[in-house]
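Biologist: Can we talk through the empty spaces inside this protein? I'd like to hear how the terms are earned.

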Amino acid sequence: MGGKKSNFLSLPVLSVVFLMGYVYCTTVFVFLQDWLALNSSLGLTNAIIFSFLAFMCLIAFFASVFIDPGGVPSSFAPEMENPQTKKGKSQYCDKCCAYKPPRTHHCRVCRRCVLKMDHHCSWIGNCVGYANYKSFISCIFYGSVASIYSTVIFFCDTLHRELGFRSIALKLFNVLSGLALIVLSLTISSLFVWHIYLLSKNLTTIEYREAARATWLAKKCGQNYRHPFDVGVYSNLKSILGSNLLKWFWPLAVGHVKDGTKFPISND
């Protein structure tokens with residue numbers, strides 16, 4: 001727990017928390033208040049909707065930070081007759097001096113092997129792996145929706161101003177806030193779209209690079225390449241989000257997560 005606490009207190013993680021608080025306060029108590037007023041029914045409704053999105057994003061963010069992405073069980077040993085072993089890469093980690101399951105990679109930052117590792121994210125102070133991938137997806141989903149929502153409120157407030165800005169400082173504040181919201185919306189939304197693509201193919205970021213090379217080599221030989229763990233879009237989504245569609249949008253609904261050492265493979 002001490003390691004997780006130190007990760008939470010790292011500068012990148014604290015910066016994200018500060019940014020969330022800044023965007024929430026300026027959106028609700030500055031832009032929304034100035035545009036619709038919080039004591040109006042429409043203003044209160046928008047405030048509740050945005051607060052819900054911000055709350056869900058914060059819950060998913062904390063889950064991504066504190067949930068262990070998954071380490072190799074000490075009792076793990078590869079099954080030589082397992083078709084996943086034949087289709088996967090090396091089953092032995094020279095750095096950990098231990099066998100590792102398919103789709104597992106060694107993280108140089110965490111200094112250990114991580115199950116179905118996607119990447120190490122400094123913004124959560126943690127690896128994105130098998131056990132916390134759903135919370136990470138949820139975080140960037142709610143983050144992208146909330147940031148776009150905030151940007152819309154900002155522009156509505158700006159267009160609503162009839163008398164312009166009362167001071168240069170206020171004008172500078174609005175310009176900088178608007179630029180920050182636009183950049184934030186584009187960045188998080190692009191990241192979300194990218195991971196939805198990976199999710200639909202059952203790829204991690206690491207596996208995407210490997211698949212791109214495998215596809216190129218297959219084309220040179222006149223063959224087609226398909227990622228061995230791509231079992232169809234819906235099945236791929238269920239493997240991460242769960243079989244209950246009602247729980248897809250709740251970042252802490254991870255009852256479907258198993259030990260992360262075996263994965264269904266396609267028959268192609």
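The chat below is about cavities and their linings.

Modeller: Quick note: this is a predicted model, where local features need pLDDT of at least 70, side-chain atom pairs count only at pLDDT 80 or more, and totals for chains, interfaces and linings use all residues. Residues are numbered from 1 along each chain as its sequence is written, and side-chain values use heavy atoms, with hydrogens and water left out.

Biologist: What makes a space a cavity?

Modeller: On a 1 Å grid over the protein atoms alone, it's a set of points where a 1.4 Å probe fits but cannot get out. Searching the whole structure turns up four cavities of 30 Å³ or more.

Biologist: What volume does the largest cavity have?

Modeller: About 50 Å³, where volume means the space filled by probe spheres set on the points, joined across faces, edges and corners.

Biologist: Why are Leu19, Phe31 and Ser177 called lining residues of the largest cavity?

Modeller: Lining residues have an atom within 4 Å of a point, and those three are among the residues lining the largest cavity, so they earn the name.

Biologist: Which element gives the largest share of that lining?

Modeller: α2, with five residues. Helices are DSSP runs (H or I, at least four residues), numbered from the N terminus.

Biologist: How many charged residues does the lining of the largest cavity have?

Modeller: None: there are seven nonpolar and two polar ones. Asp, Glu, Lys and Arg count as charged, Ala, Val, Leu, Ile, Met, Phe, Trp, Tyr, Cys and Pro as nonpolar, and the others, Gly among them, as polar.

Biologist: And what makes the lining of the second largest cavity include a charged residue?

Modeller: Lys134 is one of its lining residues, and Lys counts as charged, so that's the one.

How values were computed
1 Å grid on protein atoms, 1.4 Å probe; cavity = no way out; pocket = protein on both sides within 12 Å on 5 of 7 lines; lining within 4 Å. Helix = DSSP H or I, 4+ residues; strand = E, 2+ residues; numbered from the N terminus.
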